[in-house]
There are 4 protein chains.
Amino acid sequence: MVDYRIDRRSGIPAYVQIVRQTERALRMGVLRVGDRLPTAREVVAATAINPNTVFRAYRDLEQAGLVRSRRGLGTFVTRSLARPGAEDDSPLRADLADWVARARSAGLERDDVLALVAVALDAYETHGRERHEHEPHAQDPGDPGRRQEDDA
Amino acid sequence: MVDYRIDRRSGIPAYVQIVRQTERALRMGVLRVGDRLPTAREVVAATAINPNTVFRAYRDLEQAGLVRSRRGLGTFVTRSLARPGAEDDSPLRADLADWVARARSAGLERDDVLALVAVALDAYETHGRERHEHEPHAQDPGDPGRRQEDDA
Amino acid sequence: MVDYRIDRRSGIPAYVQIVRQTERALRMGVLRVGDRLPTAREVVAATAINPNTVFRAYRDLEQAGLVRSRRGLGTFVTRSLARPGAEDDSPLRADLADWVARARSAGLERDDVLALVAVALDAYETHGRERHEHEPHAQDPGDPGRRQEDDA
Amino acid sequence: MVDYRIDRRSGIPAYVQIVRQTERALRMGVLRVGDRLPTAREVVAATAINPNTVFRAYRDLEQAGLVRSRRGLGTFVTRSLARPGAEDDSPLRADLADWVARARSAGLERDDVLALVAVALDAYETHGRERHEHEPHAQDPGDPGRRQEDDA
DNA sequence: GTGGTCTAGACCACA
DNA sequence: GTGGTCTAGACCACA
């Protein structure tokens, strides 16, 4: 079950926060095709935001083709964003956990970490790709896709 | 020089994007005490947003004590957010660059990476801290600070 | 300028009525790329529906790629649905006007006419296509496309 | 036998779709006085909607005086909306079929045709009536009746 | 009970 | 001034 956390001081619209947290849950495999999202009432109880706002977020997700709302039944996941390589037990995740622990232990705050990651991603997308790649793979090197606003 | 990039589709207010990008530049040491922020005119030229929106962002930064506007001269950084350990040539950054390259090469998109990092941070803050810490340090483990909404 | 007419007894949600009337105006060339839709306030003044409802309709149109809302400026047409053959002075339109006049003069109400047209369209899509076609043309015969609920 | 088609993406309540399709069948003479409407069970099997929704539609039709539900027997048509001039073999219908074929062959989509017809009806009701009428008839020109929302 | 529409109204973002 | 978010609350549609 996803549990949404709304940060009212963040300046990010609550409905955007719900959309993004849902997408993240889809990417991480926390939500799978067929799963039911929490009902508007449940989200309201958990987050103290208005049902209309939840509804707005779910509608956006529906238009993105990720979920389907069925009146009287609930809202269900229709498409996964899960990626192989992002599983719970993958070496990538274990190594990341180690790195995060080192970074935090070295005195970096959460936001420092996020800033570093954003910069590292930018660097990779701009010029790092070639430096690191020793064998070609299926990635489209020209189109980084619709970037989520991670830090802006 | 910071160059702001405004993503109009992100749903995040433009002025919030400017504030966050500025904070990130401060954290990364891209902006240092005494540096001048781009003028509203420059930002307008680069981003096609209204100067009032830039002023609004700079006002917020000033209230946060990070910059100081001096009439007729410009807006100047008054406080750094740079962290030791986040320097350009730090091992942390090199290791992160490697990890990012592996993740991207494994087929993960930018957003997948950001989701993984957010989850790793959450895990660290919740229960990973003890597991990974072998020697105590000065961080107050109870106060992660005013968290930037990274993923919401 | 489009002027929306909301029929509150029709059972069709007001926002759907606005969306459809806008699409119709685009099809008929009444609205063209670059044109500004009436502001929410103007629609409210003309129709006595709530600004939020107008907003909802315009957002749907935006997500359909037909218009673009710009804060502080208004909402603008970005894509035309105009079809050659549907111009004001086309023979098709003149002949239709004659037919409508005959039908109405024969005692058929507006709804009778609409029912007849719907049936004629169904018949054409099902089996009439071949009967009437003497020479092939570019139409895709298999996919009638996303049918607008005309009569349901 | 009417067979209802529910378009869930249309935004029009399912029960309204049933009511309208029934009315259309009555207008076209597809349903006649004494005919039995499909049972809720049959509609459910064909459309996957809830029986309560069918009942709701039939209740509306009954209140409009068009049908009568007889417990245990079914729901029967009690009033026709058929119009002379709309028969299967009428010249009006043949001419309309030809016009529709021309329009579709010219590249107009179903929705284009519906938009054209709606506009032609509007034009006729507004000012075309006089232009086209050469002999008076029994229609009350002032009362177009309860217009069905065709396009809204 | 669950989703969906609509309203009135406050307040914010942007030009 | 124009669009956009959010709330509270009424009421409807559907299962």
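Q: What makes the pair B:Arg83 and A:Glu109 a salt bridge?
A: The term asks for a side-chain nitrogen of Lys or Arg within 4 Å of a carboxyl oxygen of Asp or Glu. In this predicted model, the side chains of B:Arg83 and A:Glu109 meet at 2.8 Å, N to O, so the pair fits the cut-off of within 4 Å. Side chains of opposite charge can pair when their charged atoms come close.

Q: How do you know which chains the pair B:Arg83 and A:Glu109 joins?
A: Look at where each partner sits. B:Arg83 is in the chain B loop between strand S2 (74-77) and helix H4 (91-105), while A:Glu109 is in the chain A loop between helix H4 (91-105) and helix H5 (110-132), so the pair joins two chains. Helices (H or I, at least four residues) and strands (E, at least two) are DSSP runs, numbered from the N terminus.

Q: Why is C:Arg24 called buried, and what is D:Asp122 called?
A: Buried means under 20% relative accessible area, exposed means over 50%, and partly exposed is in between (1.4 Å probe, protein chains only). C:Arg24 has 15%, so it's buried. D:Asp122 has 22%, so it counts as partly exposed.

Q: What makes C:Arg24 and D:Asp122 a salt bridge?
A: Their side chains meet at 3.1 Å, N to O, so they pass the same nitrogen-to-oxygen test. This pair crosses between chains, from helix H1 (residues 14-27) of chain C to helix H5 (residues 110-132) of chain D.

Q: How do you know that B:Arg68 and B:Glu62 meet in a salt bridge?
A: The value is 3.9 Å, N to O, so it still counts as within 4 Å. As for B:Glu62, its relative accessibility is 30%, so it's partly exposed.

Q: How many salt bridges are there over all chains?
A: A search of the whole structure finds 54. Some residues are linked in a network: A:Arg24, A:Arg104, A:Arg110, B:Asp122 and B:Glu125.

Q: Why is the relation of chains C and D called that of a two-fold axis?
A: Chain D can be laid on chain C by a turn of 180° and a shift of 0.1 Å along the axis, with an RMSD of 0.2 Å. That is why it's the relation of a two-fold axis. The copies are superposed by least squares on C-alpha atoms of residues with pLDDT of at least 70 in both.

Q: How are the residues and chains labelled, and which values count?
A: Residues are numbered from 1 along each chain as its sequence is written, and chains are lettered from A and ligands numbered from 1 in the order in which they are written. Local features need pLDDT of at least 70, side-chain atom pairs count only at pLDDT 80 or more, totals for chains, interfaces and linings use all residues, and side-chain values use heavy atoms, with hydrogens and water left out.
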